[in-house]
Amino acid sequence: MVILFGLFLLTLLVLTAVAIVRTPNLFVAVMLMAIFSLLMAANFFILDAADVALTEAAVGAGVTTVIFLSALALTADRERVTKTGTYFAMGVVSVTVVVLIYATFDKPVLGDPNAPVHQHVAPWYLEQTPELIDIPNVVTAVLGSFRGYDTLGEVFVVLVACIGVQFILGASPPPQAPRGQDEQGLRHHLVPQVVGRLLFPFIILFGLYVQFHGEYGPGGGFQAGAIIATGLILHALLEGESAALKAIPPNTLLAMVAGGALLYTLVGVLGIVLGGNFLDYSVLHSNPVTGQQIGILMIEAGVGITVCGALLSIFHAFAVRD
Amino acid sequence: MFLSASLAILVTMVLALIRALRGPTVYDRVLAVNMFGTKTALLLSVVAFLYGRPDFLDLALAYALINFVGVLAVLEFFQKQSAKPEAGEAQDVDRH
């Protein structure tokens with residue numbers, strides 16, 4: 001049944017991808033990208049990867065569409081079609097496809113318990129999580145504690161990406177021209193206004209739930225940061241850019257981006273100060289298991305703050321310019 | 001029962017996808033994307049019960065809450081485009 005669902009959704013995914021590549025209208029491409037993301041999340045979910053599916057849902061459903069549209073507002077909405085070099089590109093792609101298909105012959109069957117990925121460290125994680133950390137969601141245990149270094153690296157990747165976008169888009173501050181209707185956001189449209197204000201508190205509440213419930217169900221800092229950022233972007237769309245920037249000034253956003261990464265690092269350094277290793281949370285409390293749980297909560301908070309700040313400041317960097 | 005429900009939802013997803021791929025106007029596509037999001041939320045909730053893991057309903061909830069924001073962004077995009085001097089460009093009907 002999993003195979004059936006998977007094949008069906010993957011076929012739709014390929015169709016959508018081909019359509020995205022073929023359409024010259026970039027707005028259509030953005031709309032199809034939204035469908036691509038939805039299909040991808042459904043696929044992850046069918047394969048039982050709920051945490052990944054939630055990340056895709058949180059980022060793909062709201063934030064990417066908004067940022068793509070903001071980028072589109074700054075450029076043309078039609079792709080300039082180039083005719084040269086297409087055969088060469090087609091050749092490279094075809095060869096890559098053949099090599100990839102050849103490589104899948106060596107791949108173990110989906111769900112095979114003897115596959116190397118299930119034989120390596122995964123059994124150890126599954127065995128040790130209840131003993132060492134005692135939380136039901138093993139994914140959070142792996143991300144937050146066993147592979148804390150990797151997650152720290154990811155947080156710094158988010159930080160660097162945010163700095164990069166700020167450098168490119170914020171290089172020359174846009175002229176402060178007098179602005180007309182668009183400054184108002186969607187304030188004078190009654191239906192989005194009412195529905196959006198109704199939804200806003202629930203989105204924030206759900207984000208906080210995902211943030212602090214990540215040890216028990218699917219979720220964690222990355223997903224929660226994206227969901228809360230989506231809620232605040234909804235606020236910015238409804239009330240207009242200046243109202244949103246007044247609510248959370250750009251400097252606060254940048255402080256959030258850097259502060260989250262700093263919080264994560266400080267939790268790691270605290271481990272050293274208290275006599276353990278870097279990112280060893282066991283020493284944070286007299287009971288090592290409680291210490292692990294406190295450490296994971298704190299680093300997840302750091303991740304959430306960084307992701308939320310980064311997404312929001314990228315959104316504002318685009319929105320201020322148009 | 002859950003299986004037949006999920007298959008029915010998959011069929012409607014295909015129908016929405018066909019509308020999104022064929023257009024012809026951008027409004028068809030926007031509606032199709034919105035409907036596709038709703039269908040995904042439904043599919044996730046039905047499959048969560050099919051797998052016997054109702055706690056995965058969180059994901060469907062995330063979609064139900066967030067899907068609206070993308071459509072609002074589209075609205076705002078068109079509002080901005082029509083406010084620009086070269087208005088009408090965005091309303092360009094895409095036929096191909």
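Helices (H or I, at least four residues) and strands (E, at least two) are DSSP runs, numbered from the N terminus. The model is predicted, so that local features need pLDDT of at least 70 and side-chain atom pairs count only at pLDDT 80 or more, while totals for chains, interfaces and linings use all residues. Residues are numbered from 1 along each chain as its sequence is written, and side-chain values use heavy atoms, with hydrogens and water left out.

**Exercise 1.** Determine which helix of chain A gives the largest share of the lining of the largest pocket.

*Solution.* On a 1 Å grid over the protein atoms alone, a pocket is an open set of points where a 1.4 Å probe fits, with protein on both sides within 12 Å along at least five of seven lines, and lining residues have an atom within 4 Å of a point. Of the 49 lining residues, those closest to the centre are Leu47(A), Asp48(A), Ala49(A), His118(A) and Val139(A). The largest share, 5 residues, comes from helix 7 of chain A, which spans 138-146.

**Exercise 2.** Describe the side of chain A that touches chain B, beginning with its contacts.

*Solution.* With contact taken as heavy atoms within 4.5 Å, 60 residues of chain A meet 50 residues of chain B. Helix 2 of chain A supplies the largest share of that side, 13 residues. Across the interface the rule finds 0 salt bridges, a salt bridge being a side-chain nitrogen of Lys or Arg within 4 Å of a carboxyl oxygen of Asp or Glu.

Definitions and conventions
Chains are lettered from A and ligands numbered from 1 in the order in which they are written.
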